[in-house]
Amino acid sequence: MNKKAGAIITGVFGVAFLAAAVVVFFLWQNDVKYYEAQLAEYVSALDKAGKSMDGNSGELNEAKQQIAQLEADLQAYKEAIDKVNAERVAAKEESEAKEKAQEEAWNALTDTQRAAITKGIEKSKLTNYLLYNSEEYAELYTYLRDLASKGLVELSKSEYNKYKEVKTRMTELEAEAEAILGASGE
């Protein structure tokens, strides 16, 4: 169970990392295509400006200004592309570092800690499922939370009997939900 849970969690982290990498790569490709199209447009405009010069000094000065402006715009687009690429690389490295840190933290835990964490995650999933899908469970859960502030030692006999009934019913609902979730593969 412990190796299975570790493998599942590692698999989940792997799938999440792969999905993030695909999304980042897709977004990066879209940005590259956009900026390449802009660069091609400016290069085309530069070529047209260069070809349109016929020796007229007024047109020549205007063409030089256009060329200077286009070159400045081209440089700005190149810088924007470099910035976007740097941000994507930094985000990818940060994501990889975070995933590695999580994996190292998980591997540093004892088998008992990993089993407890895995069981806690499974229990919280089950509890959340029941809280969202069972009004009765939600009411019982709220009742037990209210009693928790009081403490079992301070309960009267009738309150303690009610507590046992509620706890038993919650356990029954949890068993039913586990069977449903187990059958559906969740």
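**Exercise 1.** In this predicted model, find where L109 is placed, and decide whether L109 counts as buried, partly exposed or exposed.

*Solution.* Begin with the position along the chain: L109 is in the loop between α2 and α3, the latter being residues 111-133. Next take the relative accessibility of L109, which is 22%, and compare this value with the cut-offs, by which buried means under 20% and exposed means over 50%. L109 therefore counts as partly exposed. As a last step, look for K4, which is 105 residues from L109 along the chain, and note that the C-alpha atoms of L109 and K4 are separated by 15 Å.

**Exercise 2.** Work out what span helix α4 should have, and compare this with the distance between its end C-alpha atoms.

*Solution.* Helix α4 covers residues 135-148, which makes 14 residues. The expected span is 1.5 Å times one less than the number of residues, so α4 should span 20 Å. The end C-alpha atoms of α4 are 20 Å apart, which agrees with the expectation. Once the helix has been located, its buried residues can be marked as well, namely Y137, A138, L140, L144 and L147.

**Exercise 3.** Trace the salt bridges of R169, and explain why the pair with E136 ties together separate parts of the chain.

*Solution.* The general idea is that side chains of opposite charge can pair when their charged atoms come close. A search of the whole structure finds five salt bridges, and one of them joins E136 with R169, where the closest N and O atoms are 2.7 Å apart. Because E136 lies in helix α4 and R169 lies in helix α5 (residues 157-184), this pair ties together parts that are 33 residues apart in sequence.

Now stay with R169, whose side chain also meets that of E172 in a salt bridge of 3.1 Å, N to O; here both residues lie in helix α5, three residues apart, about one turn of the helix. The side chain of R169 meets that of E176 too, with an N to O distance of 3.9 Å. Since they share partners, these salt bridges join E136, R169, E172 and E176 into one network.

To finish, consider accessibility: E136 counts as partly exposed at 34%, as does R169 at 25%, while E172 has 40% and E176 has 41%, which also counts as partly exposed.

Notes
Residues are numbered from 1 along each chain as its sequence is written. This is a predicted model: local features need pLDDT of at least 70, side-chain atom pairs count only at pLDDT 80 or more; totals for chains, interfaces and linings use all residues. Side-chain values use heavy atoms; hydrogens and water are left out. Helices (H or I, at least four residues) and strands (E, at least two) are DSSP runs, numbered from the N terminus. Buried means under 20% relative accessible area, exposed over 50%, partly exposed in between (1.4 Å probe, protein chains only). A salt bridge is a side-chain nitrogen of Lys or Arg within 4 Å of a carboxyl oxygen of Asp or Glu.
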